[in-house]
Protein chains: 2
Amino acid sequence: MSRASDHAYAAIRGMILSGQLAPGAQLSEEALADACGVSRTPVRDALRRLENEMFIRRSESQRSFVAEWSLSDLEDAFELRAMLEGHAARRAAARINALQLEQLKAHNRRIQEEISARQPDVLRFLEHNRLIHAIILEAAASPRLASSLGMLVEQSVVWRTAQQYDRENLQRSHHEHEELLAAFSRADGAWAEAIMTAHIRRAFHAYRDAYQAQLGGSQLSAA
Amino acid sequence: MSRASDHAYAAIRGMILSGQLAPGAQLSEEALADACGVSRTPVRDALRRLENEMFIRRSESQRSFVAEWSLSDLEDAFELRAMLEGHAARRAAARINALQLEQLKAHNRRIQEEISARQPDVLRFLEHNRLIHAIILEAAASPRLASSLGMLVEQSVVWRTAQQYDRENLQRSHHEHEELLAAFSRADGAWAEAIMTAHIRRAFHAYRDAYQAQLGGSQLSAA
DNA sequence: GTGCAGCATATTGTATACCGCTCCCACTGG
DNA sequence: CCAGTGGGAGCGGTATACAATATGCTGCAC
């Protein structure tokens, strides 16, 4: 999908994540098309993608609604992520090459630099973090695992605004990545899997605490 | 998606599975539209779905090709399936209700009847087997797990023609289902997971043996 | 007053025309 | 004979018009 379709996807996704489109709200293809400045055709493509990623729910009669995310959805997504990313780490430990290992180290070094900075840039942290997980997924060399995990990671973004990124949290992530690297360089799959599973589950609880703290409040608005 | 779109999906999928569309062959939306008697629009929808299910691969320039399945794809799909279905069984053991348990028993009883018949009807076996796994997935109550597994199960159909369904194989499946039921009625998640993982992995090896036996031969044609 | 029927409207599904890109092949120049 | 380039055909992306279907409202009958 090229420009119009991607643009519609990004625009609608943004409207959902920002709360501009409230959970449960009905979506009309035509209205979205107008809002995005494209025709219904690319909007329909975008809606299919968003439906796959569970940002959108469809009624029996094929009408689209913004998905309503609950605590149980958070649990559901993270439980699966923990299992799948753990599995990816195990496979990666047996397959990772020197270049990938070096890239992982570089990204984690950049994360440490960010943490040490007077004012850590969370967005930059998230980007390096994302790349670390992407490299591991690539090293795992399983197209279907990549596909399933890709969807789940996309979904996790819904709760990102709930997360509080204090320095301690970032530092813990860095340490866990370090241990992961140790497991990789020793090709210890079981170790890598255990670390990764713990890494994701810790993140889950951080999200959940933050989510519950702001519970009852407005719909996941970016604070 | 309604009639035209579903019809296009089923038709294209059928052409791929039957070998009428050879692995690696390029697909033209217009040609498929003509072949299905619909316009390009529903064909495009169908291609998106088939791409998600990895029946179709797309080039950088968005041209569509029939996916080429290798032994490593079989391994990839079944390794994930074993893990995810195992996980589903574990969750189901903690959540399954009496009605679902009863339905599972009924389907497995029907499977036993089929096996005992003079000429077991493999299609009927497959249908009951499918329903058993569907009920367990439903009992697992994880939308994301269901979504990921749904894709993988669809994909497994590619190798179905390779499978030889002798009576011994069917009988083993029946026995494993019986054990699964025992684990469920005792709400023993760990047991259920172990049985299910073994169940899928055994099926994997059966597929692989059959696949390798007919290796080099024609393209997965229905014998 | 309530319930059902039928119509108006909103929304999605499908067909088709047009546009721009990509790929392939033939032609030309070295 | 080979490489590079230009052009044409094929293909996917998008817009738009039209068809089918669901929904909700209004009015009528009981």
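Reader: Over how many bridges do S2(A) and strand S3 of chain A pair?
Author: In this predicted model, S3(A) covers residues 64-66. Strands here are DSSP E runs of at least two residues, and helices are H or I runs of at least four, numbered from the N terminus. Two strands pair if DSSP finds at least two bridges between them. S2(A) and S3(A) run antiparallel, and their pairing spans 3 bridges.

Reader: Which pLDDT do local features need in this predicted model?
Author: Residues count from 1 along each chain as its sequence is written, while chains are lettered from A and ligands numbered from 1 in the order written. Totals for chains, interfaces and linings use all residues, side-chain atom pairs count only at pLDDT 80 or more, and local features need pLDDT of at least 70.

Reader: Which are the edge strands of the open sheet in chain A?
Author: The sheet has 3 strands in the order S1-S3-S2, with antiparallel pairing. Within it, Arg58(A) stands opposite Ser64(A) in S3(A). An edge strand pairs on one side only; here these are S1 (26-27) and S2 (56-58) of chain A.

Reader: Which residue of S3(B) does Arg57(B) stand opposite?
Author: Chain B has an open sheet of 3 strands in the order S1-S3-S2, paired antiparallel. S2(B) is joined to S3(B), residues 64-66, by 3 bridges. Opposite Arg57(B) in S3(B) stands Phe65(B).

Reader: Which residues are closest to DNA strand C?
Author: A residue is near the strand if its C-beta atom, placed from the backbone, lies within 6 Å of it. H2 (29-36) of chain A, with H1 (3-17) and H3 (40-52) of chain B, each supply at least two residues of this surface. In total, 19 residues surround the strand, and the closest are Gln62(A), Ala4(B), Ser5(B), Ser39(B) and Ser61(B).

Reader: Which element gives the most to the surface near DNA strand D?
Author: Around this strand lie 20 residues, with Ala4(A), Ser5(A), Ser39(A), Ser61(A) and Glu29(B) the closest. H1 (3-17) and H3 (40-52) of chain A and H2 (29-36) of chain B each give two or more residues. With 4 residues, the most comes from H3(A).

Reader: How many charged residues does the surface near DNA strand D have?
Author: Ala, Val, Leu, Ile, Met, Phe, Trp, Tyr, Cys and Pro count as nonpolar, Asp, Glu, Lys and Arg as charged, and the others, Gly among them, as polar. Near DNA strand C, the residues divide into 5 nonpolar, 9 polar and 5 charged. Near DNA strand D, 5 are nonpolar and 9 polar, while the charged residues number 6.

Reader: How are H5(B) and H6(B) oriented to each other?
Author: H5(B), residues 98-116, packs on H6(B), residues 122-140, with the axes 9 Å apart and an angle of about 165°. Axes are lines fitted to C-alpha atoms over the stretch in contact, and angles run from 0 to 180 degrees between N-to-C directions. Under 35 degrees counts as roughly parallel, over 145 as roughly antiparallel, 65 to 115 as roughly perpendicular and the rest as oblique. The pair is therefore roughly antiparallel.

Reader: How is H7(A) oriented to H4(B)?
Author: Their axes come within 8 Å and cross at roughly 50°. That makes H7(A), relative to H4(B), oblique.
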